[in-house]
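I set out to record what can be read from this entry, beginning with the overall composition and ending with the interior.

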Amino acid sequence: MLKNKAVEEKVDTLLSKSQIPIIDLAHCGKLECPIRSVVNRVGHQLHKALSEKGIALLVNHGISEDKMKQLYGHLDDFCKLSDGTKETYLRKGETNHGYIKPGQERFDGKSKDLRHTFNICTLKPDAGPLPDEPLPGFREHVSDLATDFKRLSALLLQALAVGMELPYGYFLEKHRHILDGEGENQSTFRLLYYPPLIEDDEQELQQITRCGAHSDYGTFTLLAQDSEGGLEVKLPGTDRWKRVGHLPGAILINAGELLSTWTGEKICALQHRVIIPQEETIRTRGRHSLAFFVHPDNCISITPIDLPTSSSSNSLDRIYNAYQHVQKRFKETYAS
């Protein structure tokens with residue numbers, strides 16, 4: 001039975017087998033004053049990693065782990081609020097901002113995703129409702145950390161352009177309005193909490209998942225995690241799921257669907273999921289993560305950079321712009 005299956009031996013992961021690229025961002029400088037030689041090195045490493053694996057781990061990225069732990073604490077406090085209070089912050093309609101309760105998302109179209117999620121789509125003062133009244137400091141700490149992720153994303157967009165032998169500002173110009181609001185750009189800072197799984201009923205456990213298999217919709221995603229939680233990926237050209245593993249303090253980057261389209265599928269959108277781990281020590285404790293989904297501005301047309309649209313078989317070429325693509329994918333995710 002699953003409930004008794006506590007696995008003592010160490011789990012094989014891409015990290016433990018040295019099969020995931022690790023990119024050191026130390027000494028990159030700031031976006032306004034980058035150290036060109038370091039950014040060039042990072043850009044070539046990033047392009048190689050995303051082209052070959054669709055994924056990499058970033059270290060020395062400059063984002064405080066203490067800030068992330070503080071935000072995890074705010075999310076814990078939010079999850080402890082009454083159901084009625086939490087539901088006043090629910091994501092509604094085509095607006096992506098807000099709370100998503102467990103079971104509301106079905107990424108694989110079948111299993112309910114068992115997690116608490118809060119999406120932040122803008123840092124402007126008139127942003128959608130945030131739980132400041134029951135949780136003083138929530139907005140301030142979210143804004144502070146989201147700004148850090150936005151700065152890191154801008155540096156990576158610059159590096160990626162260099163790695164692809166494009167002008168430094170090529171991708172930056174297409175991502176000018178990150179977190180300026182959904183009317184401008186669909187980028188989203190997402191707080192996630194996966195509750196402990198202590199169900200005795202194995203059949204019931206098999207009907208849920210922590211996050212179903214999918215690829216992300218945008219350019220790339222940055223993911224910070226507080227522990228090993230069962231994240232698995234399908235590397236490009238393979239059909240087997242591989243556990244990623246956890247490197248404390250690192251931020252994971254994975255390629256999304258629009259970057260795949262831009263590169264004529266030379267970079268593949270990474271298929272990934274979060275399973276319910278068999279290891280009892282992992283699945284019976286809560287798990288936190290922060291995901292920063294980086295999207296182009298809504299008006300940006302998405303076609304391969306070096307190829308005419310007609311020469312590619314990629315079905316996403318039919319999408320007129322970045323906004324239309326993400327809205328199509330949201331409808332699929334929340335259809336049920």
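How many helices and strands are there in the protein? I counted eight helices and 16 strands.

**Entry 1: confidence.** I noted at the start that this is a predicted model. The mean pLDDT of the protein is 85, and 85% of the residues score at least 70. I then looked up the weak stretches. Residues 1-9 have a pLDDT below 50, and this stretch has 15 contacts in the model beyond near neighbours in sequence. Over residues 307-319 the pLDDT likewise stays under 50; for these residues I found 17 contacts beyond four places in sequence. I leave such contacts uninterpreted, because predicted coordinates should not be read in detail where pLDDT is low.

**Entry 2: whole-chain totals.** The protein has 336 residues, of which 53% count as buried. I recorded an accessible surface of about 15,200 Å², with 48% of that area belonging to carbon and sulfur atoms. Among contacts with a separation of 6 or more, 75% are accounted for by residues 24 or more positions apart.

**Entry 3: helix H4.** I checked the length of H4, which covers residues 138-163. Its 26 residues should span 38 Å at 1.5 Å a residue, and the end C-alpha atoms are 37 Å apart, so the two values agree. After H4 comes Glu 165, for which I noted a positive phi, near 60 degrees.

**Entry 4: the cores.** Which residues have the most contacts inside the largest nonpolar core? I listed Phe 149, Leu 156, Phe 171, Phe 189, Leu 191, Leu 222 and Leu 290, in a core of 63 residues. H4 gives the most to this core, with twelve residues. I followed Leu 290 further: beyond four places in sequence, its contacts include Met 68, Leu 71, Tyr 72, Leu 145, Phe 189, Leu 191 and Leu 222. Arg 190 is also one of the residues that Leu 290 touches. A second, separate core has 19 residues, among them Cys 211, Val 274, Ala 291 and Phe 293. For context, nonpolar side chains tend to be buried together in soluble globular proteins.

**Entry 5: Gly 212.** Is Gly 212 buried or exposed? Its relative accessible area is 3%, which is under the 20% cut-off, so I entered Gly 212 as buried. Gly 212 lies in strand E10, residues 211-214. I also looked up its separation from His 272, which is 60 residues away along the chain: the two C-alpha atoms are separated by 8.0 Å.

Note on methods. Residues are numbered from 1 along each chain as its sequence is written. This is a predicted model: local features need pLDDT of at least 70, side-chain atom pairs count only at pLDDT 80 or more; totals for chains, interfaces and linings use all residues. Side-chain values use heavy atoms; hydrogens and water are left out. Helices (H or I, at least four residues) and strands (E, at least two) are DSSP runs, numbered from the N terminus. Buried means under 20% relative accessible area, exposed over 50%, partly exposed in between (1.4 Å probe, protein chains only). Contact means heavy atoms within 4.5 Å. Accessible areas come from the Shrake-Rupley method with a 1.4 Å probe; for residues, only the protein chains shown count as cover. pLDDT is the predictor's confidence in each residue, from 0 to 100. The expected span of a helix is 1.5 Å times one less than its number of residues. A nonpolar core is a set of buried Ala, Val, Leu, Ile, Met, Phe, Trp, Tyr and Cys residues joined through side-chain atoms within 4.5 Å.
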